[in-house]
Amino acid sequence: MFGPLISKAITARANKTGSWRVDSKPKFLQKDCIACKMCILICPEACVTGEGKNTFACDYEFCKGCGNCAAICPKKDIIMVKEDN
């Protein structure tokens with residue numbers, strides 16, 4: 001007989017993952033943004049935040065560099081740049 005598996009929930013904010021990011025990271029140009037918020041919706045780590053009107057940024061301590069935000073941006077206002085070590 002099996003019972004329910006219960007584990008203690010933890011938040012992403014307690015587990016910084018940016019240290020093992022791939023070789024590139026998103027750069028928010030903030031020139032042509034139309035505030036569609038698609039970058040926020042598609043980010044698997046919820047590290048994209050709105051800082052003001054049409055001003056979005058990424059918390060690099062949690063960003064894995066997947067590039068989803070850059071790929072979905074309809075205005076191409078997010079680009080992937082080489083990670084500087």
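A salt bridge is taken here as a side-chain nitrogen of Lys or Arg within 4 Å of a carboxyl oxygen of Asp or Glu. In this predicted model, Lys-64 and Glu-45 satisfy that criterion, with their closest N and O atoms 2.4 Å apart. Lys-64 belongs to the loop between β3 (55-58) and α2 (68-72), and Glu-45 to the loop between α1 (38-42) and β2 (48-52), so the salt bridge ties together parts that are 19 residues apart in sequence. Lys-64 counts as partly exposed because its relative accessibility is 24%. Glu-45, with a relative accessible area of 22%, is likewise partly exposed.

The structure holds two salt bridges. Besides the Lys-64 pair, the side chains of Lys-82 and Asp-23 meet in a salt bridge, at 3.3 Å from N to O. This pair links distant parts of the chain: Lys-82 sits in strand β4 (residues 78-82), whereas Asp-23 lies in the segment before β1 (24-28), and the two are 59 residues apart. Since exposed means over 50% relative accessible area, Lys-82 counts as exposed at 62% relative accessibility. Asp-23, at 46%, counts as partly exposed.

From these charged pairs the description turns to the interior. The largest nonpolar core has 13 residues, and those with the most contacts inside it are Phe-28, Cys-39, Cys-47, Val-48 and Ile-78. Strand β3 and helix α2 each supply at least two residues of this core. The surroundings of Phe-28 can be given in detail: leaving aside residues up to four places away in sequence, Phe-28 touches Cys-39, Val-48, Phe-56, Ala-57, Cys-58, Cys-69, Asp-77 and Ile-78.

The packing also leaves enclosed space. Two cavities of 30 Å³ or more are counted. The largest cavity has a volume of about 140 Å³ and is lined by 15 residues, of which Cys-33, Cys-39, Cys-73, Asp-77 and Ile-78 lie nearest its centre. Among these, Cys-39 and Ile-78 are also listed with the residues that have the most contacts inside the largest nonpolar core. By class, the lining of the largest cavity comprises 10 nonpolar, two polar and three charged residues.

The second largest cavity has a volume of about 90 Å³. Its lining consists of 15 residues, with Cys-43, Pro-44, Cys-47, Cys-63 and Cys-66 nearest the centre. The lining of the second largest cavity divides into 10 nonpolar, three polar and two charged residues.

Definitions and conventions:
Residues are numbered from 1 along each chain as its sequence is written. This is a predicted model: local features need pLDDT of at least 70, side-chain atom pairs count only at pLDDT 80 or more; totals for chains, interfaces and linings use all residues. Side-chain values use heavy atoms; hydrogens and water are left out. Helices (H or I, at least four residues) and strands (E, at least two) are DSSP runs, numbered from the N terminus. Buried means under 20% relative accessible area, exposed over 50%, partly exposed in between (1.4 Å probe, protein chains only). A nonpolar core is a set of buried Ala, Val, Leu, Ile, Met, Phe, Trp, Tyr and Cys residues joined through side-chain atoms within 4.5 Å. Contact means heavy atoms within 4.5 Å. On a 1 Å grid over the protein atoms alone, a cavity is a set of points where a 1.4 Å probe fits but cannot get out, and a pocket is an open set with protein on both sides within 12 Å along at least five of seven lines; lining residues have an atom within 4 Å of a point. Grid points are joined across faces, edges and corners, and a volume is the space filled by probe spheres set on the points. Ala, Val, Leu, Ile, Met, Phe, Trp, Tyr, Cys and Pro count as nonpolar, Asp, Glu, Lys and Arg as charged, and the others, Gly among them, as polar.
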